[in-house]
Structure formats: C-alpha cells, structure tokens
Amino acid sequence: MNNKKIRVLIAKPGLDGHERGARIIAYGLRDAGFEVIYTGLRQSPEQIVSAALQEDVDVIGLSILSGAHLSLTQKVVDQLKSKKAEDILLIVGGVIPEQDVASLKEMGVAGVFTAGSAVSQVAGFISESVAC
Amino acid sequence: MQASWETLLDGVKKGNERSLARIITLVENRENGWKDAMKRLYPLGGKAKIIGVTGSPGAGKSTLTNSIARELVSRGRTVGIIAVDPSSPFSGGALLGDRLRMRDAVNLPEIFIRSMATRGALGGLCQGARDVSRILDAFGKDVILIETVGVGQDEVEVVKTADLVMVVCVPGQGDGIQALKAGIMEIADLYVVNKADREGAHEVAADIGGMLDIASEGSGPRPPILKTSAINYQGVRELVDVLVHGFDAGKNRADWRALRIKEEILSLMESEILHYLQDKWDRTGDLDKAIHQILKQQTDPYSAADSLLPLMREAFGIKETT
Ligand code: B12
Ligand SMILES: Nc1nc2c(ncn2[C@@H]2O[C@H](COP(=O)(O)OP(=O)(O)O)[C@@H](O)[C@H]2O)c(=O)[nH]1
Ligand SMILES: [Mg+2]
C-alpha cells in the first residue's frame, strides 16, 4: 500500500521580485500531480536548503531572473554539499543566457528551463529523473 | 541513499533532523515497515502538547502559527509545525504554501516545519497527521501545532487528534459566524479573532460569544475568545498564556483520551481492511465487474455490496452467520 508522491520545493533566492514564472511552475507542477512546496521570494540559500531538508523533497527548483544565477546557484550547491544532500535533484529556471547553461550544469544543476519552457517539459524531466 | 529504518530510528533518537524528515516521508508513504517503526517511536513520545489550528482559508492561520511558535520558543519550548493543505482531487498534486507566512519559524533552529497534503486518503489524513505529530513528539518537540483548513470533514477529524483546538476567525468575512458551523463548534477549545487591526473585530468576538452562550444555555464555562493581530504579534503573548494554561485542562481527561484511542484503532483497522480488499479486488476484478453491472443498470450498489461481502468473509475467515 505504497503512497509515494514526488515532492518539489520551488524557491526564489536573492532579491529578485519576478514571481510570475515561479508561480506558473508551482501551480503547473501541482496540476501535474506533484506535491509542491512554495517558499516565496527573497530566500537565502541557507533557508532554501533547510526547507528542502525538513520537507524531504526530491527536487529543488530555483527561479532566478535577476542575472545573479551563477553565484546564487553556487551557494545553494555549496549548502547542499555541506549538508550531504547532493542527492536532491536541482533545477533552475528564469532568465538564463545560453552561455551560462554549461556552467550551471557543471555545478551540478540537472536541468535549466528558460523563458517559454512548458510546464509539461519540466514535469516530464522531473518524473524521468526521480526514480519512484 | 535509502537508509534503513534502524539507522533512521537511531538518528531520530539522537536528534538528527534529516532522519526525522526522512522517517516522516517513509511513514507518510506507508513504505513497508512503517507500522513497526511507529511501534518503536510510540513509547518515546507522549510528552508533547498538540494544538490544532483551524479556520477558513486566509484567516491568518499560518501567520498566527508562526507568531505562536516564535513566542513558545522565546519561552524555552521546542516546536513542531505540521501544515496540512488539500491535495487536488483531480491531479493528486498539492500546492503547499504555508511556509510563505512562517517567516520567523523557518529561521529558528528550535522549530521543525513539515507541510503535508491530504492525499485524499481513505480515512488516512487523520492518521497521517497523527503519525507525524507522534514522530515529532518522539523527536522531543515540546509543542506541536497542526494547521488545517477548517472546511471539510477530514480537517475536522485532524484537529480532533489535538489536545487543544483553536478556531481562527476574522472580521469582515460577511458572516463571522460561518466558522462556527456544525462540527467545529463542538471541538473548539478557544476562538481567536485574528486581524484585529481591522475594523469589526469586536463585533465578530461579540457574535461568537452570543452564539456560544445560546449553545451552552449558560451551563458550564464557555471557551475563551481572544483577539490577535498576528502580523504585528499583537495579542499573541496573551494567547500563548491561555494555551499553556489549557495544556493541563480539558481534553487530557482519561475518558476523552480513551475515546481518541478507540477511534484511532478503528481507523487503523478500517484503512487496513479497505486496502486489503482493494488490493484483492484489483487482482480479481470483482469490484470493476460490479461497477459495470451497476452502470448497465443490471444491479444496484446495495446488492453489489451484499454480493461482495462473502468474499470479505472468506478473506478474513469469518463464518457466514455473524
Ligand atoms: C514582467 C517583468 C517585470 C515585472 C515583474 C512582475 C512580477 N511580479 O513578476 C516588474 C515590472 C515588476 C519588473 C521589475 C524589474 N525588472 Co523585470 N522583467 C519582466 C519581464 C518583462 C517578464 C518576466 C516575466 O514575468 N515573464 C513571464 C514568466 C512566465 O516567464 P519566466 O519568469 O521567464 O518563467 C518561465 C521560465 O523562465 C521558466 N521558469 C521560471 N522560473 C522557473 C523555476 C523553475 C524551477 C523552472 C523549472 C522553470 C522556471 O518557466 C516559466 C514558464 O515558461 C522580463 C523580461 C523577460 N523577457 O523575461 C524583465 C526582466 C526579468 N526584468 C529585468 C529587470 C532589470 C527588472 C528591474 C531591475 C527593472 C528596474 N530597473 O527596476 C526590476 C526589478 C524588480 C525586482 N524586485 O526584482 C531584466 C533582468 C535583467 C537580467 N536578468 O540580467 C529583464 C530580463 C528585462 C531585460 N531584458 O532587461 N520586471
Ligand atoms: N491585516 C492583517 N492581515 C493578516 C493578519 N494575519 C495574517 N494576515 C494576512 O492574511 C493573509 C492570509 O494569511 P495566512 O496566514 O496565509 O492565512 P491562512 O490561509 O489561514 O493560513 C496574508 O496575506 C497575511 O499576511 C493580521 O493579523 N492582520
Ligand atoms: Mg495557511
């Protein structure tokens, strides 16, 4: 009688106030059957990782439109490492220039989703990546 | 990655938050061995006080839960928060956004917050929340706050597992009495009129008082009614005073506890039996067959249930005449 659900944390690190994309993704993933924990704006990397651990999520999704994606993502990755939680799947969305995608992946980001990404793409990627 | 139950139980005993978080997941998912784990955790707890926080969406339950937790921590208590939100009946997914309003609680190391979806479980939510609060209790949290939207029967059931139930109302909802609908009134130990920074808080409090007086016909003390402004932390200290006082009174009476234990055993049995039968029917197809027959108007749900009964008797080795 197994009852598993994939749990996803959607968070916006830094001072970036662009919330639409994160909300669209949060609602969209809910409608795709995921349990989505939405923590809102202006979260520090420490807060994001602490929430992810308490909620025991399978996935962390960062939404960044401020241009600070490289440094913010690096901080989240460092936090995850220091908590020995690198097994959590990390994805990033927002305004990410093409040339930065490789750097993000090198840090350990599994997927990058820029403007115009469909929720179904994101949902599909998560389902495939998280062994259930 | 999938640490064993043994390791996780050990972690919980040692105060490891990750073990706590993972054990909650496994129990919530009903992974093999969950009940054995709960058997081991049960005797470790029993000390925590459990407070249910319920009320309409937007009343300020999360904000208030945050302020209460912060105040409790400042008084030297550790706190666990369980924030329950409904699963979508269509997709099975859920949007759990209560952390958004728990700005202080998310930063305090004495507080552990867990968001839970109702998962539309068969008699399950109540038990699920009860399990998680037991795990938090075993982990050593002094007070556990369970936030649920007070709209459906499920949610009312959840707060029944609490030692103290607080109903949150707000001014300007047109009908301040709406929250006092049947079911909620019987379980409320205290009422909080939140958003008292807005106009109309006194009127709502007076309305509730009037309703309670009519209901109790003057017999016995009526539950207290407090006013708060959770975003400004106003009235929260007084509220926590009342809560801490209430810990020692009311529902901790032995007869009330016995009733709760009885309900819990029955609900555990109920979900076991249902799962067992569903499992069996999934394999035999008997249930699907019955559904089809009803759809084709060849029989009715009552007869179908009757004809399925012998299968259940057989499964449990029960003689025909009971
Ligand atoms: C609308 C908008 C605003 C609105 C925001 C309203 C709101 N509350 O969201 C307002 C007017 C407030 C605003 C303000 C500013 N903005 Co503005 N804004 C935009 C604009 C035009 C569209 C953003 C948007 O909502 N798109 C629609 C959503 C649905 O798309 P999205 O967010 O990209 O999300 C999609 C994907 O990226 C992805 N996704 C997003 N998040 C996530 C997360 C996960 C986990 C996943 C999987 C996927 C995912 O999925 C979504 C669906 O496809 C962009 C330009 C652009 N082309 O993006 C500029 C833009 C983001 N803004 C910009 C700037 C500079 C600002 C300001 C600093 C301007 C100023 N000087 O004041 C301020 C800062 C505000 C703040 N506090 O942060 C710049 C950022 C520059 C940069 N990154 O280098 C942009 C890129 C414009 C530009 N070309 O210069 N802005
Ligand atoms: N004016 C006012 N707004 C409040 C108060 N408490 C909460 N809110 C706001 O009410 C909205 C809903 O609060 P939330 O805690 O999420 O309500 P919940 O749905 O009952 O959990 C948020 O915008 C809060 O900021 C209060 O005391 N006064
Ligand atoms: Mg809430």
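**View 1. Ligand 1 meets the backbone of A:G17.** An oxygen atom of ligand 1 sits 2.6 Å from a polar backbone atom of A:G17. A polar contact here is a pair of N or O atoms within 3.5 Å; within protein, one atom must be able to donate a hydrogen and the other to accept it, and residues adjacent in sequence count only if both atoms are side-chain atoms. This is a predicted model, where local features need pLDDT of at least 70 and side-chain atom pairs count only at pLDDT 80 or more, while totals for chains, interfaces and linings use all residues. Residues are numbered from 1 along each chain as its sequence is written, chains are lettered from A and ligands numbered from 1 in the order in which they are written, and side-chain values use heavy atoms, leaving out hydrogens and water.

**View 2. More polar partners for ligand 1, from A:H18 and A:A115.** A:H18 brings a polar side-chain atom to 2.8 Å from a nitrogen atom of the ligand. At A:A115 a polar backbone atom is what counts, 3.4 Å from an oxygen atom of ligand 1.

**View 3. The shell around ligand 1.** Pull back and you find 26 residues around ligand 1, with A:G17, A:H18, A:S63, A:L65 and A:S117 the closest (near means a heavy atom within 4 Å). Helix α1 and strands β3 (59-64), β4 (89-94) and β5 (111-114) of chain A each chip in at least two residues; helices (H or I, at least four residues) and strands (E, at least two) are DSSP runs, numbered from the N terminus. The biggest contributor is α1(A), with four residues. By class, the shell has eleven nonpolar, twelve polar and three charged residues. For that tally, Ala, Val, Leu, Ile, Met, Phe, Trp, Tyr, Cys and Pro are nonpolar, Asp, Glu, Lys and Arg are charged, and the others, Gly among them, are polar.

**View 4. Ligand 2 and its surroundings in chain B.** Here 17 residues surround the ligand, and B:G58, B:K61, B:T63, B:D197 and B:A230 are the closest. B:K61 puts a polar side-chain atom 2.7 Å from an oxygen atom of ligand 2, and a backbone N or O atom of B:G58 lies 2.8 Å from an oxygen atom of ligand 2. The side chain of B:N194 has a polar atom 3.2 Å from a nitrogen atom of the ligand.

**View 5. Where chain A and chain B touch.** In this view, 32 residues of chain A are in contact with 32 residues of chain B (heavy atoms within 4.5 Å). The two chains bury about 2800 Å² between them, 46% of it on carbon and sulfur atoms; that is the accessible area (1.4 Å probe) the two parts lose on being put together, summed over both. Polar contacts join 17 residue pairs across the interface, both residues at pLDDT 80 or more. On the chain A side, α1 (20-31), β2 (35-43) and α2 (45-54) each supply at least two residues, and β2(A) gives the largest share, eight residues.

**View 6. A strand pairing across the interface.** β2(A) and β3(B) (residues 94-96) run parallel and pair over three bridges; pairing takes at least two DSSP bridges. One bridge matches A:I37 with B:L96.

**View 7. Salt bridges between and within chains.** B:R22 forms a salt bridge with A:D56, their closest N and O atoms 2.9 Å apart (a Lys or Arg side-chain nitrogen within 4 Å of an Asp or Glu carboxyl oxygen). The count between chain A and chain B is three. Inside chain B, B:E6 and B:R40 meet at 2.7 Å, N to O. That pair links α1(B) (residues 5-13) to α3(B) (residues 34-41), with B:E6 and B:R40 34 residues apart.
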